[in-house]
Each structure stands twice: as structure tokens, then as C-alpha cells.
Amino acid sequence: MGSHPYRICTTPGEVSSGGLFYKHLDSFSNFSPLQSVSLQIIVLSLLPHFIHMVLSRFHQPLLVSQILGGILASPWILGYEFLKISTGRPVGITYFLFAKDGFQVVDMLAHFSSMFFIFKVGVQMDPKILKRAKWRTYIIGFCCTLCSYFTGESLAHIVKNDKIPGLRPPARPGGFNNSTKIINLFSMISFPVITYVLTDLNILNSDLGSLATHVAMVADFLHTFEKLFSVLYHALLSKNPAHGRIAVYLLLGTLIYICLIVRPAALWIVKNTPEGRPVSDVYISLIMISVLLCGLASEYCGLSGTVGAFFLGLAIPDGPPLGSALVQKLRIVTVFFMPLHMGIVGYKTDIHKVSFVYLWRVLLVIVGCFIGKIVGLFIPAVLLGGVSARDSLLLGLIMNFKGIVEVSQLSTWIDNQKKNNTFAAANTLMVLALVVQVAVITPTVKYLYDPSSKYLAYKGRSIMQSNEVNSDFRVLVCVHTQDDVPGIIKLLEASNPTKLHPLTVYLLHLIELVGRATPLLIAHPMHKRFSTSNPTKSEIIINVFQQFQNRHQHLVTVHPFSTISPYASMHNDICSMSVDNRTALIIFPFCRQDVVSKREDLDRQNISSRCIKTILQNLLRNSPCSVGILIDGSNPQTKSTCFLPDTPYRVIVLFFGGPDDREALAFAMNMIHHPSVLVTLVRYYGPARLSSDEVIDYGSESVRIDVERQKFLDDELVDHFRVNTMHEETLMYKEVEVNDGAETIWSVRSLREDFDLMLVGRQQISDSKIVSELASNWAECEELGAVGDMVTSPDYDAEGSILIIHQRLVVSSSSKR
């Protein structure tokens, strides 16, 4: 700040004023703290969002915009003295926005909120990951951290200079002054920062994201315990041993309180809170008070208050009900108050303090820490971890992510400075280097790593290919809630598993990641007997599928799993499981938003339709096999898990043409020998329009279609079905000729009461104009296709279930336009 003048905004005994326009119209000198603090928070909150509106187009994280917003409001930009107040003294804009005492209030608020933020970080962390981590992960995390520290210390020792004040070595052997802070900041690996950025990039539960979270947690815990033991060591060897012993006893007492009182109490709360019920506010309040107590004890021990809050958070079980409740209560801290840290650190920068002779040396140490971290991770990851060179390099870049934890540490160092200057040259350089590092690494990782490439390169199986060989029919079933189970069971029952063609079901319960930082994929053993007194939702769902397996001994095998991950990247878990188990079909339950409000039998209050729609869209783009979108019906046949006696299960297949329709018919071919299933194939014809080599929209791209080839494949499969109709009374074949889209809609509407299950392809290829007319009239749910959108709309009012099948394989003989 230097010579920039300050105003004092506090008046003893006053918090708010009578208003700006009631007195002192010619001066801001009596603008009271409440108004001043509110104005500062508004400026530090709005500026980053305006900047982010521009930078988000370049895939920049919000942290970059928040720090740049603080820099933009800093005195070395807005402190230019071009205004005059009533006394005639020239001032800058910062004189009116950031009063000295008023800014201290905002700074204190940011530090206070950081204690609760770090507590929330501890709540979301699962220390069991350290137990599950392999020994290679420990070696990678240790080598990454050690190599970064060693490289930084070595360079700091080389570039020290006794003649320059800022580069003189400290009392102990080592680098120059402030080199320790620089090395600590850029060598540390923060687990919450890594998980936050990976979530933002939608790769948290990818293969690379999973490895990154394990390595980050190992490295973060190593850094935390090294820091803790270092403080204890210096406390015991201090000049005042009595005070040192008191600090150690107080710290040990805090840890005993956390382990023997808070941890058992938290487990008791979790055990006695029924699933789906909220945690009592009394328990939440007591835990919040414990945060303050542990933070206070840490401060008395000479540590930051965030240390005690962090260890308290580790004692709280992550996930619902307690962990998710605390995270939800503290959401305002993350969203509103913690970004003030970013703005404040940016505000306290002063580029005028930086000289070139100091600049290149500090940057050299920072670059050394950066490269050392990559090299220290690359070598053991390739040699011991079996990670490819490309992924190892990307993993090294990910370990260099910086975020709110590092900025909070920087803010603490700033306030502990004994100098009158707001910000020293080293700290200014660290902030600017941190911004550049994050701004470069984030879009680089987003550009270089695409988890879907694994699925796209996989030559997955389709339903037709599965039917051609006498092997098991492998299906991956996704379940959101218990309401999805009856319709799925009935669908699997109708698929008619036999000894020559058994059914293997991979059950995946989809659970949103709430209250924890790391995603989980849990395998449930089928032989385990779940509790009947207070079963979880996953146990209820698995029990139903276990009963289905018991009814079909040696014909059906069920492998149950649960995935806990963010909705935005949940498709990675689904696709990975499909690839690993070579499934031919993924069944994904879906319900349109305009239908949910009219269905009283559905319980989806806790699941956003937009989130499910996001999963479906990502799944359709990246699926390694066919996808069946199941819209559950409301008639008695679809709500029961068993076939009703003396009541046939009516299945209708709408066939227009194309790979998706052929895949739907192939799935119906599995049902033709089931004694309780009636299968009707309705094939639609229309006036020819397309030539033999036409460009049409298929999927999300324009492709060139060999219509004659598609028609040949359609006729071949339909003829195979018609041959079976001669020998099976439960099969029926119809041909319907229509002239335009209107007649097609009328014909399909006439079938709405004639089925318990309708099978239809997501997209159709036909030499008739009826398909294009349907696509132009029905575009409310593009992920369902034109026909699927029509038959699932509220206007259609169908009571049976509808399965819309999308084939993953690219249309044969096609090429992009």
C-alpha cells in the first residue's frame, strides 16, 4: 500500500450509521463498518463472476477469476490517486471501497470461515482409503513429495545471495529467506484441491482420477503428519520447556477428545438415525461447537486453528446421514465466504515490490518444485505402478493443481508478516505463479485426457451378436430407486433365460456422491444375509434381485454393485463396468419430467430429473454396448415382479428400419419361446423418398447411409421372425402402410392399450419420409428419439412399459459428410 492514505471507518460504539445521505455528505469518513464490510464483500464477490464469464470460455477454473478479481481491486491498480476529497487530499478508488479497519473485519471473516471449511474437508475425507491403498501408491506419493522438496531446496541453496537482503540465507543452513514458504507451498499436494478439480473436469471416477485421489490422499497425510511432528519437536525443544509441555499435553488432550468422545458419539448418531431421516439440529450444533473448541486448542498449541478442525472432521463418518448433513449445512461457507480468501490474497498483491533480481530466482525455485513433482511421480508410476507414460505425465500435472487450501495458507502467511507492507515480493510472486500454474494446467489436462477413449476403442457386443452364439446374455442393470426394480425384473423375466442362453445380470445401484470427497464402487456378496430390522435402500434392492436369482436357479446369475459418484461423471462407472464384464446391453431407467408430476406411484423427490438426463446423455455418447432406456409403466403387469396367472405379457415391437430397430427386434427374439409372453411385430412402410446413397442425420452427426444395405439387413431379420411365427402361436406379424407422419402417429396411438411392453429403436433409418416427419414433430426429449419421444409423451398416455434401444455400433457403410 505504501503511501496510499487510509480512512478509519469505525466509530466507537457504532456498527451501522444513519445512512450515507443523512450526514457527512461531503465525506465517507463516517461510513460505518457494517456498510463498509457489505460493500467490500459485494465487490470481491461480483468482480470474479464478471471475469469468469469471459475466462470460462477458455476452460479456466473459478479460482483464477477470484484471484484476478482481487488483483483488479488491489491498491496497485485501483489505488491510483486521481480523485480529491473535501480536505483536498488526492485518493484512489480503494479509499472508498477498502477502509483499513473495515477490511480487517472481512479478512477475519475469511479466516474464521476457513476453519469450518477445513473441517468440512476432513468430513469428506475417508481415511480408510489409506488402508485400501496399495504399497505402490505409498511409494508414488512419497517419491512425488520428496523429489519436489529436494529439488526446491537444492535450487534455493544455489541461488541464494548474501548481498541481496531478500536472498540472504537464514540462520540455519539452507536457501534464502522465504524459500521455505515457497517450497512448502508448491511442493505440497492437497487432497481436497485435487478432488475438487477432478470433479470440475468430470474425471473424478475415471481410472486416472481414481489413482490421482489415492496418491493425493497419501501425499497429503504424509505432509500433515510431518508438519504435526515438526511442531511437536520444536515445542519440546523450545527455550521454555514448561510452555512446550503444556502445548503438547493440550494437543494430546484434543486428540483424545476427538478419538474417545467425538468419534463414538458420531457413530452413535449414524446408527440411530433412520435412512432418509434428517439428523437432529441439536447434534449439528454440538459438532459445530466442537469445531470451535478444537480450533481454539490448536491455536493455543501454536498451530493454526484449521489443524484441530481438520482432525475433528476426520472423526466424523463421511457420507449420509451425518457427513452429508454437515456438508450441506456448511455449503454457504464454501460457496460464499471461502472465495473471499481468493479475493483478499489477490487484493494484497503489490507488483511494485518485485524486482527482477529477485523474480528469476523465486520463479526458478517454483519451476524446480513443479518439475521435481512430475519427475518424482513419473519414474515410480511407470516402473512400479504399471501406468503408461502419457497417464504418468498427466498424473504429475494433476498433482500440481493448486486451490483454496494453498490460498488459505498464503493468506495466513501474509497476516503473520511483521512488516508494515501489505504484501512482500515473495508472496506476490507466489500468488501470480499460482494463478499461472492453475490457468495452464487445468485446460491442458482437460484437453489431453478423455476417459471416453477407452470405451470408444472397445469393440463391444450387441444383442444380435449375443444371440448368435450359445453363451450367456450379459446385461448391466442401473437402478436409481426401488420404484425401478419391478419393471426391470419383469423385463429380465420376459427375456427367457435358458441353459443354452443363461442370463448374467450386473446390478449397479446409482447413488449420488454427497458428504464425501472420493467416489466408491462397492461389490455386494450375494450370499450375505442382510439385516431385516433396518435395511438400507441398496440392501432392499439387492434382496429383490436375489429372490429373482433364486427363482431361476442355474439360469440367472446376479452380481450386485453400488456406485457412489457425482452425477456428472457417473457414466464413467457404468461404461467401465460394461467394458470389464463385456455386457451386451445396459438397461437405464428413465422418467420424463412432464410425466413424473402425473405419476403418484413414483417416489423421485430426492433425484433431479435433470441429473438423470445428464447421465443418460453422457451414456448414449460413450456407451461401449447397446443401451436400453426403460420407461416404467403403471398397469398391474408392469408393477409386479412375477407374471400374473392366466394373463399373457403382451410385447409389441415397432419396426421402421435401421440398426436400433433391429437391435430392439433382436431383444424381442429372446422372448419368443416364453410361454407367458405374446410378441407382436408391427412393421411400417411408407412411400420411398431416399436414394440408395443418402445423407441423413443419425445420432448427433450427419452420415452417409447405404439405404439398400440397411433395407436388406432389415428384411433378413424380419424374415427370420416371420419363420418363427409359423411354429409359435404366441407370435404375430403385422405390416402397416402409411403415407405421412400424421398417419404414422394415428397408427401408433391406436396401439397404446394393446401392450404391456413396447420395444422401439431410438433412431430409425428408412427410405420413407415418415421418419423425417416424425423427427420434425417430436423433439422434446432428443435422447429418446422421435418415436420414443412420441410414445412416452403424456399425450400418448400409455400404461405399459416402453424400452427404447440404442445400438452403440456405428451404422455400417456410413461415413461422415
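Let's start in the middle of a sheet: strand β7 and strand β8 (residues 626-631) run parallel to each other and are joined by five bridges. Keep in mind as you look around that this is a predicted model. One of the contacts between these two strands is easy to pick out, since P589 has L630 in β8 as its bridge partner. On to another neighbour of β7: strand β3 (residues 473-479) also pairs with β7 in the parallel sense, this time over three bridges. Here V477 is the residue to find, and its bridge partner in β7 is I587.

So how much of β7 is buried? Five of the five residues in this strand, which covers residues 585-589, are buried, so β7 is largely enclosed by the rest of the structure. You can follow this on both faces of the strand: L585, I587 and P589 point one way, I586 and F588 point the other way, and all are buried.

Just before β7 there's a small oddity in the backbone. R582 sits in the loop between α25 (570-581) and β7, and its phi is near 50 degrees, a positive value in a residue other than glycine. That catches the eye because most residues other than glycine have a negative phi. R582 counts as partly exposed because its relative accessibility is 41%, between the 20% and 50% cut-offs.

Now move along the chain to β14 (757-761). Which strands does β14 pair with? On one hand, strand β9 (residues 649-655) runs parallel to β14, with four bridges joining them. On the other, β14 is joined by five bridges to strand β15 (residues 801-806), again in parallel. To see the pairing with your own eyes, look for I652, which stands opposite M758 in β14, and then for L757, whose bridge partner in β15 is S801.

As for cover, five of the five residues of β14 are buried, so this strand is largely enclosed by the rest of the structure. Both of its faces are covered, with L757, L759 and G761 buried on one side and M758 and V760 buried on the other.

Step back a little along the chain from β14 and you come to a residue out in the open. E753 lies in the loop between α31 (741-749) and β14. Is E753 buried or exposed? With a relative accessible area of 63%, E753 is exposed, because that value is over the 50% cut-off. E753 also belongs to a negative surface patch, which it forms together with D754, D795, D797 and E799.

Helices can be covered up too, and α29 (residues 659-669) is a good one to look at. In this helix, 11 of the 11 residues are buried, so α29 is largely enclosed by the rest of the structure. The buried residues include charged-looking letters as well as nonpolar ones: among them are D660, D661, R662 and E663, along with L665, F667 and M669.For a view of the surface, turn to helix α17 (residues 356-383), which provides the largest share, six residues, of a nonpolar patch. The whole patch has an area of about 710 Å² and is made by W135, V367, I371, V375, I379, V382, L383 and L384. In a helix like this, the spacing matters: an α-helix has 3.6 residues a turn, so residues three or four places apart point the same way. I379 is one of the patch residues, and its place is in α17. At 44% relative accessibility, I379 counts as partly exposed.

Next comes a stretch around α14 (residues 322-329), where you'll find G323. G323 is buried, because its relative accessible area of 0% is under the 20% cut-off. What lies 198 residues away from G323 along the chain? That's M125, and the C-alpha atoms of the two are separated by 9.9 Å. Look also at P321, in the loop between α13 (305-315) and α14. The peptide bond from P320 to P321 is cis, with omega near 0 degrees. Most peptide bonds are trans, so a cis one is worth a look.

We'll finish towards the start of the chain, with H59. This residue lies in the loop between α1 (33-55) and α2 (62-72). H59 has a positive phi of about 60 degrees, although it is not a glycine. With a relative accessible area of 46%, H59 is partly exposed.

Definitions and conventions. Residues are numbered from 1 along each chain as its sequence is written. This is a predicted model: local features need pLDDT of at least 70, side-chain atom pairs count only at pLDDT 80 or more; totals for chains, interfaces and linings use all residues. Side-chain values use heavy atoms; hydrogens and water are left out. Patches are made of residues with over 30% relative accessible area and no salt bridge: like charges are joined within 9 Å, nonpolar side chains (Val, Leu, Ile, Met, Phe, Trp, Tyr) within 5 Å. Accessible areas come from the Shrake-Rupley method with a 1.4 Å probe; for residues, only the protein chains shown count as cover. A salt bridge is a side-chain nitrogen of Lys or Arg within 4 Å of a carboxyl oxygen of Asp or Glu. Lys and Arg count as positive and Asp and Glu as negative; His and the chain ends are not counted. The place of a charge is taken as NZ of Lys, CZ of Arg, CG of Asp or CD of Glu. Buried means under 20% relative accessible area, exposed over 50%, partly exposed in between (1.4 Å probe, protein chains only). Two strands pair if DSSP finds at least two bridges between them.
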